[in-house]
Amino acid sequence: MKSTVRTGAIIGTCTAVALALAVPTTAFAATTSPRTALDAAPAWTAHAARVGQTPAAQAQQMTAVLGMRDSAGAEALALAVSDPASAQYGKYVSASTWRARFAPTDATVSKVSSWLKSQGFTIGSIPANHRYISFSGTSAQAEKAFATDLQTFKKNGKTFSAPATSVSIPTSLASSVVAIGGLDKSALKTPSSVGKSDSTAATSTPAAKSNTVLPPPDAVFKNGKPCSSYYGQKPATTVPQVLKDPLTYAPCGYKPAQLRGAYGTDAAQAAGYDGRGTTVAVVDAYASPYILSDAQTYAAKNDPAHPLRNYQFSQLLPASYSFINECGASGWYGEETLDVEAVHAMAPAANILYVGGSSCQDSDLTAAVNSIVDNQLADIVTNSYGDTGEPASVADVAETHQSFVQAAAQGISMLFSSGDSGDEIANTGSRQVDYSASDPFVTAVGGTSLAVGKTNNYLFEQGWGTGKSSLVNGAWTPLPSAYLYGGGGGTSQLFAQPGYQKKVVPGSISNYFGQGAHRSVPDVGMLGDPNTGFLVGQSQTFPNGSIKYSEYRIGGTSLSSPLFAGVVAVADQVAGGSLGFLNPKIYKLAGSAAFRDVNAGRAVTDGVVRVDYANGFDASGGLLTSLRTLNQTGTIYTRPGYDDVTGVGSPNGVSFLIAMAGGGAKAGLKGGSTK
């Protein structure tokens, strides 16, 4: 994870600011030429136990992030083509045009590469848009080249190498290089999916013996019984009734038709609007060996009228993998499965491109996203991972932010999960939003709890914030329920408020920290609560060592983002082309029939009873019964209009599709509420 300590650096999206910030020259030991500091030592190292010096011969994979030419002009262009009020709206540029105008020049690449080679490094890949230069070497070479001290530290029970002092480069390169990535080995992304057993039972396989060969899938997890086929189907009459509404056993996991019905896109599908002609890219780390067969089996069992055909699915995978044990590679298989099956559920005729990162390190996942953008491989990108909190400075986000700006200029919708730990206070000790969801050129998708009725109808929706009480000796404890998890949201301290959020986001949210209006998260919300979650099908490892297809309920904003990506794919088809960066249009439609305003205030009036197998897969080890309350709040909560749990609300079926497409009725589609 990246550091969560802030600096005063802020990026606004109305007046763009170049990311290559000048830092006062600092004198470093063992250097003779003037140098410029790019970044301080990661803040987490100040509180971590130091283990010792990083071995001099240890291999280091790094990136030199290059700054865009005319970054202010690049951001202005990206906003203009995305703003319905602009004469340039929808006039996206090609990747080649983007490179010609804004990519670092060949001369810049040559200058930086030559210096890296002079330090003994080996140059690796360089993308066409010159976003970064990959290079490799040893710890000793890195320490000398960047005038830093690499140490190993203990963080969350694991050992990582990271700079113990600031990282610098010769001042002659400072106008070209904005960051050096890869030195902080703890900068690992985590998937935003939750909902498997939160008991103490083991639910994953042992660490892989090799750190280059992908491991088998995680240990099997199955839903405990009883559970409901739809919300309210099975009343939980034998447990204490502590809420206004009668308690019900949690849904077993909603199926595709239930979500299309509840979110009102089934009417569009009946008229032939099912995402055809669009491509949704899913980005995660690693790659499940079973993904296509699992997704096809799932569709055949749960949505037989809408098979996932071979031609609809493709993959772009790295030649090799790294950090397999550190990243928990097998855990990413379930994330990938969830994302692919959720997209197909909402847009069953869309094409899906899976792009796998070679690890969960920031730089590897950023490279995967950049490959999509720079090669124009998709109309929509959904990313179900993130950092806990925001980075320390704008330099830390240079590489990713540049890709998001380019995506907007080229008409690619970039979606990120908002996170699964609410305001992050429990994890970090202070209220924070997660990056990359907080980037102003990203559509951040928050989480909701969704009640779907017997006829696939929408019953109600609340902000996702789960409280948990366990059934002990016939009573719920603790009561009130203790906060467990929930959709991420809040106020950025890194990014100024973008223009599209003005007059929509209340000042109590945008200026929460008293530092002026800042970017607020999320932008929209969809189902994320795993206790009203989605049924997925995945190959899992059973106790006897066999690997078999099995199904279970899961959630998280990892579900919210790909579900919304599927809805956007349908909207693209209705519009007759990509809608591109969505936020300017979304905020113009705030308060209209295009969105359902998810507003339960701070009240906790509903809950479900969840039964889990103590061993994670059958009743032989006993049952664990818990009350999962809905809309458990903290410093973020739902309220009328925009809120920092669900944004402007959840998409309202055909009304959303028509409004996003421009407001004119399309063949076979009629506007209006789908409640």
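Buried means under 20% relative accessible area, exposed means over 50%, and partly exposed lies in between, with a 1.4 Å probe and protein chains only. Helices (H or I, at least four residues) and strands (E, at least two) are DSSP runs, numbered from the N terminus.

This is a predicted model, in which local features need pLDDT of at least 70 and side-chain atom pairs count only at pLDDT 80 or more, while totals for chains, interfaces and linings use all residues. Residues are numbered from 1 along each chain as its sequence is written, and side-chain values use heavy atoms, with hydrogens and water left out.

**Exercise 1. Strand β1**

Task: Find how many residues of strand β1 are buried, then identify its pairing with β8.

Solution:
- Step 1. Strand β1 spans residues 35-39, and 4 of its 5 residues are buried.
- Step 2. Two strands pair if DSSP finds at least two bridges between them.
- Step 3. Strands β1 and β8 (residues 167-170) have 4 bridges and run antiparallel.
- Step 4. Within this pairing, A37 sits opposite S168 of β8.

**Exercise 2. Two open sheets**

Task: Give the strand order of the open sheet of 5 strands and of the open sheet of 4 strands, and name the edge strands.

Solution:
- Step 1. The sheet of 5 strands is ordered β11-β28-β29-β20-β21, with mixed pairing.
- Step 2. Its edges are β11 and β21 (475-486); each has a single partner strand, so one side of each lacks a neighbour in the sheet.
- Step 3. At one edge, β11 pairs with β28 (residues 607-613) in the parallel sense over 2 bridges. Y249 has V609 of β28 as its bridge partner.
- Step 4. At β21, look for P478. A cis peptide bond joins T477 to P478, with omega about -5°.
- Step 5. The sheet of 4 strands is ordered β4-β5-β3-β9, with antiparallel pairing.
- Step 6. Here β4 (122-123) and β9 are the edges; each has a single partner strand, so one side of each lacks a neighbour in the sheet.
- Step 7. Strands β3 (residues 59-66) and β5 (residues 132-138) are antiparallel and joined by 7 bridges. M62 has F135 of β5 as its bridge partner.

**Exercise 3. Salt bridges**

Task: State how many salt bridges the structure holds. Then work through the pairs of R99, K189 and D303.

Solution:
- Step 1. A salt bridge is a side-chain nitrogen of Lys or Arg within 4 Å of a carboxyl oxygen of Asp or Glu. The structure holds 11 salt bridges.
- Step 2. R99 meets D374 at 3.0 Å, N to O. R99 lies in helix α2 (residues 95-102) and D374 in helix α10 (residues 362-374), so the pair ties together parts 275 residues apart in sequence. R99 is partly exposed, at 24% relative accessible area. D374 is buried, at 3%.
- Step 3. K189 pairs with D387, and their closest N and O atoms are 3.3 Å apart. K189 lies in the loop between β9 (177-181) and β10, and D387 in the loop between β16 (385-386) and α11 (398-409), so this pair ties together parts 198 residues apart in sequence. K189 is buried at 4% relative accessibility, and D387 is buried at 1%.
- Step 4. Extend the pair to a network: salt bridges link K189, D362 and D387.
- Step 5. D303 pairs with R260, with closest N and O atoms 2.9 Å apart. D303 lies in the loop between α7 (291-302) and β13 (313-316), and R260 in helix α5 (residues 256-262), so the pair ties together parts 43 residues apart in sequence. D303 is buried at 6% relative accessibility, and R260 is buried at 4%.

**Exercise 4. Backbone in the loops**

Task: Locate the cis peptide bond at P226 and the positive phi angles of Y286 and N631.

Solution:
- Step 1. The bond from K225 to P226 is cis, with omega near 10°. P226 is in the loop between β10 and β11. K225 also has its place between β10 (190-191) and β11 (248-249).
- Step 2. Y286 is not a glycine, yet its phi is positive, about 65°. Y286 is in the loop between β12 (279-285) and α7, and is buried at 0% relative accessibility.
- Step 3. N631 is not a glycine either, and its phi is about 70°. N631 is in the loop between β29 (623-629) and β30 (650-651), and is buried at 3% relative accessibility.
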